[in-house]
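Me: Got a minute to go through this one with me? I'll throw short questions at you.

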Amino acid sequence: MRGRPCLVWLLVRLCGVEVARRARYGAVAVGDAVTPGVRGAALGVATLVCLVGGSVGSAVVAGLGEVVGIPGS
C-alpha cells in the first residue's frame, strides 16, 4: 500500500465505521437478551469477550507468522 495514503486512510475510516455499527447492534442484542437489572454486567462481559477474542486472534496470527511466515499465517 506504499504510495497510496488516501486509500489507506479511506480503508481505516471504513473499518472504524463498521466496528462502531456492529458494536451498537451487539449492545442492542445483549440488552434485549437479559433483564434490565443485569444489563450493565452483561454488556461488560460481552465487551470483554469481544476484546479478548480479538487479542487472541492477533496473538495466534503473530505466533503462526513466526512459524510459517507472515503470508502463510
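Reply: Sure, starting with a definition: a disulfide here is a pair of cysteine sulfur atoms within 2.5 Å. This is a predicted model, where local features need pLDDT of at least 70, side-chain atom pairs count only at pLDDT 80 or more, and totals for chains, interfaces and linings use all residues. Residues are numbered from 1 along each chain as its sequence is written, and side-chain values use heavy atoms, with hydrogens and water left out.

Me: OK, how many disulfides does a search of the whole structure find?
Reply: Zero. C6 is in none, and the nearest cysteine sulfur, that of C15, is 16 Å away.

Me: Is C6 buried or exposed?
Reply: C6 is exposed, as its relative accessible area is 64%. The cut-offs are under 20% for buried, over 50% for exposed and partly exposed in between, using a 1.4 Å probe and protein chains only.

Me: Switching topic: how many salt bridges does the structure hold?
Reply: One, counting a side-chain nitrogen of Lys or Arg within 4 Å of a carboxyl oxygen of Asp or Glu. E18 pairs with R21, and their closest N and O atoms are 2.6 Å apart.

Me: How are E18 and R21 placed in helix α1?
Reply: They're about one helical turn apart, because three residues separate them in helix α1. Helices are DSSP runs (H or I, at least four residues), numbered from the N terminus. E18 is partly exposed at 28% relative accessible area, and R21 is partly exposed too, at 34%.

Me: What about V19?
Reply: V19 is also found in helix α1, and it is exposed, with 58% relative accessible area. Its C-alpha is 15 Å from that of V52, 33 residues away along the chain.

Me: And P36, where is that found?
Reply: In the loop between α1 and α2. P36 counts as exposed at 67% relative accessibility. The P36 and V52 C-alpha atoms are 25 Å apart, with the two positions 16 residues apart along the chain.

Me: Which residues form the nonpolar patch on the surface?
Reply: L48, V52, V56, V60, L64, V67 and V68, with about 620 Å² of accessible area together. Patch members have over 30% relative accessible area and no salt bridge, and nonpolar side chains (Val, Leu, Ile, Met, Phe, Trp, Tyr) are joined within 5 Å, like charges within 9 Å. Areas come from the Shrake-Rupley method with a 1.4 Å probe, and for residues only the protein chains shown count as cover. V56 is in helix α2 (residues 39–68) and counts as partly exposed, at 46% relative accessibility.

Notes:
Helix = DSSP H or I, 4+ residues; strand = E, 2+ residues; numbered from the N terminus.
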